[in-house]
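Please read the following explanation alongside the sequence and the coordinates. It moves from one contact between helices to the aromatic pairs, and then to single residues and their surroundings.

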Amino acid sequence: MPLPLGVPASSMHIMPIFQDANGLAIKFFIQKDIAQEIQAELCEVVASLGGRVETKVPRQGYLLIQPGTAEEERLRMCWTMPDRPERHFVPYTYVEACKIAGMQLKQIFVESGLPIRMHIHPSIANINARTTLSQRIMHSGGDPTSSAQSAKIILADPNTDVFQHLVKTYQGVPDKYVESYLWVKKCVEKGALVYTPLVYKNPGGRRPGEERTQFTEEDERHLCEWIAAKIPYKQTGGRTGNRLYQQLCEMSADPEYAWVSRHTWQSWRERYKKNAVRLDAMIAQIVGQKKPGHGEQGQYGYVRKDEEKPKRPKRTRKPAEQHLHQQEMIIGGINGNTSGVPVIFDVSGDGPKPSTSKEELEDGEDSQEWAVRIGNESPPNWGKRKASEESDAQGPLKRLKSNDENSINQGIILDAGIHLIDRTLQEIATEYRFTLEEVKEFYDQCGEMERTRTRFQKMRHLLLSIGES
């Protein structure tokens with residue numbers, strides 16, 4: 001293997017790159033079976049660069065060898081010693097490479113006194129590129145002849161599909177690296193071995209609002225425990241409010257809450273909002289284990305337990321029947337009917353009929369007590385008038401009972417009843433600060449004015465209590 005010396009060293013002034021920091025000559029030993037003319041040229045160049053060739057293997061210095069020969073193998077076996085880390089084995093072309101580079105090339109591809117094993121992948125197809133890469137590795141102390149399985153570093157062409165495949169294949173293997181062929185030159189220029197770090201990216205990059213620090217299962221567990229302690233029951237509300245998560249981040253000074261600083265309060269809040277269904281299940285499980293009493297104080301004060309109501313069989317009214325029932329209640333109030341028995345106006349002209357439905361009578365009342373006259377039958381006992389009243393009833397002002405007058409009176413009363421419903425619903429909406437549409441919708445569903453009023457009163461009190469906390 002001839003030595004490509006190029007321009008003779010004697011023809012130009014060359015800086016003494018083969019001298020140490022103290023100005024002392026760096027020692028070299030030449031493998032004895034290398035051709036004598038090559039050895040002669042090596043001695044001349046080494047001397048011109050400030051170094052010195054020794055006849056014996058030096059304690060510190062460079063052994064110039066011919067790679068792939070039996071003598072090289074013998075020299076390595078005899079003179080590679082852990083207590084001599086500054087004794088290096090390099091190809092004899094090292095001398096010329098240092099002269100071209102204008103500096104002494106450092107032995108950076110060495111680990112524990114041994115060459116780092118490297119594999120030049122077939123994706124680097126150019127023969128000249130492979131040869132140059134191999135020499136550059138050996139000049140800096142590495143071994144480029146290893147297989148892909150035994151090598152610590154695999155060098156490949158980054159512009160091929162196989163490169164990314166190699167990265168994915170070996171990224172989980174400890175002490176195994178895949179590098180570009182350009183990486184070798186960068187390390188040599190820096191004079192240091194620095195591996196390219198693996199950078200994990202989300203598909204498509206980081207999305208808007210997504211935290212740079214990824215959430216872990218432990219993060220979610222901590223978050224659920226915090227929410228479970230503050231708001232054990234979701235129906236009280238507040239789990240998506242800013243304050244809950246701001247208070248969480250205020251706890252970061254506490255050693256038990258050191259994990260809080262991994263994310264901002266906005267990120268903790270977004271994590272819950274985007275995964276509410278799944279995290280609510282985890283929170284419910286935690287609450288079930290700790291079993292806090294219903295109504296215990298949480299983030300937003302005490303939760304009022306619903307009052308128990310006596311259970312009665314409910315009768316489902318049809319829409320038309322429900323509307324008629326609303327008119328019964330209002331008209332009964334307008335006529336001064338305080339008996340608790342609603343009055344149904346029969347537009348046929350036969351007169352009003354009190355309802356005798358059992359569910360509309362109070363417990364313990366006798367339906368016979370409220371018997372009514374049907375058609376032309378005689379009135380019940382409670383409805384009969386005394387003789388004095390009968391005579392008074394015959395006066396001219398008491399006998400206005402024509403069908404026309406009855407129809408007019410009934411229309412006026414019905415209009416007044418409907419107007420009173422609207423006015424009462426408007427009062428409820430104004431008093432408890434809800435829209436008339438919301439109040440009207442609930443009233444249309446239940447058909448009970450007092451229940452409607454109570455409903456929106458409770459809702460307003462609950463909203464006020466949340467705002468105060």
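Which residues in helix 7 meet which residues in helix 9? On the side of helix 7 they are Asp219, Glu220, Leu223 and Ile227, and on the side of helix 9 they are Trp268, Arg271 and Tyr272. The model in which this contact appears is a predicted one. Sorted by class, the contact of helix 7 with helix 9 comprises four nonpolar and three charged residues, with no polar residues.

Two packed helices are described by the angle between their axes and the distance between the axes. For helix 7 and helix 9, the latter spanning residues 265-274, the axes come within 11 Å and cross at roughly 90°. Because angles of 65 to 115 degrees count as roughly perpendicular, helix 7 is roughly perpendicular to helix 9.

The setting for this contact is a protein with 15 helices and 11 strands. Of its 469 residues, 33% are buried. Among contacts with a separation of 6 or more, 65% are between residues 24 or more positions apart.

The aromatic residues come next. The structure holds 12 aromatic pairs. In one of them, the ring centres of Phe18 and Phe28 are 4.9 Å apart and the planes stand at 55°, so this pair is tilted. Phe18 belongs to the segment before strand 1 (27-30), whereas Phe28 is in strand 1, so the pair ties together parts that are 10 residues apart in sequence. Phe18 and Phe28 are both buried.

A second pair has another geometry. The rings of Trp183 and Tyr195 have centres 5.9 Å apart and planes at 10°, so the pair is stacked; planes under 30 degrees apart count as such. Trp183 is in helix 6 (residues 181-190) and Tyr195 is in the loop between helix 6 and helix 7 (217-230), so parts that are 12 residues apart in sequence are tied together by this pair. With a relative accessible area of 5%, Trp183 is buried.

Ring pairs also link Phe215, Trp226, Tyr257, Trp259 and Trp268 into a cluster. Trp268 has already been met as one of the helix 9 residues in the contact with helix 7. An aromatic ring may also be placed beside a charge: the charged end of Arg460 sits over the ring of Phe434, 4.8 Å from its centre.

Three single residues complete the picture. His121 lies in the loop between strand 7 (118-120) and helix 4 (127-139). Its relative accessible area is 15%, and because buried means under 20%, His121 is buried. Neighbours within four places in sequence aside, the contacts of His121 are Arg130, Ile154, Leu155, Ala156, Val162 and Leu166.

Leu49 is also in a loop, the one between helix 1 (36-48) and strand 2 (52-54). Leu49 has 0% relative accessibility and counts as buried. From C-alpha to C-alpha, Leu49 and Gly102 are 9.8 Å apart in space, with their positions 53 residues apart in sequence counted as separation.

Lys230 returns the reader to helix 7, where this residue is found. Is Lys230 buried, partly exposed or exposed? Its relative accessible area is 27%, so Lys230 is partly exposed. Lys230 and Leu244 are 14 residues apart in sequence, and their C-alpha atoms are 8.1 Å apart in space.

Key
Residues are numbered from 1 along each chain as its sequence is written. This is a predicted model: local features need pLDDT of at least 70, side-chain atom pairs count only at pLDDT 80 or more; totals for chains, interfaces and linings use all residues. Side-chain values use heavy atoms; hydrogens and water are left out. Rings of Phe, Tyr and Trp (its six-membered ring) pair if their centres lie within 6.5 Å; planes under 30 degrees apart count as stacked, over 60 as edge-to-face and the rest as tilted. Helices (H or I, at least four residues) and strands (E, at least two) are DSSP runs, numbered from the N terminus. Buried means under 20% relative accessible area, exposed over 50%, partly exposed in between (1.4 Å probe, protein chains only). A charge sits over a ring if NZ of Lys or CZ of Arg is within 6 Å of the ring centre and within 35 degrees of the ring normal. Contact means heavy atoms within 4.5 Å. Axes are lines fitted to C-alpha atoms, for helices over the stretch in contact, and angles run from 0 to 180 degrees between N-to-C directions. Angles under 35 degrees count as roughly parallel, over 145 as roughly antiparallel, 65 to 115 as roughly perpendicular and the rest as oblique. Ala, Val, Leu, Ile, Met, Phe, Trp, Tyr, Cys and Pro count as nonpolar, Asp, Glu, Lys and Arg as charged, and the others, Gly among them, as polar.
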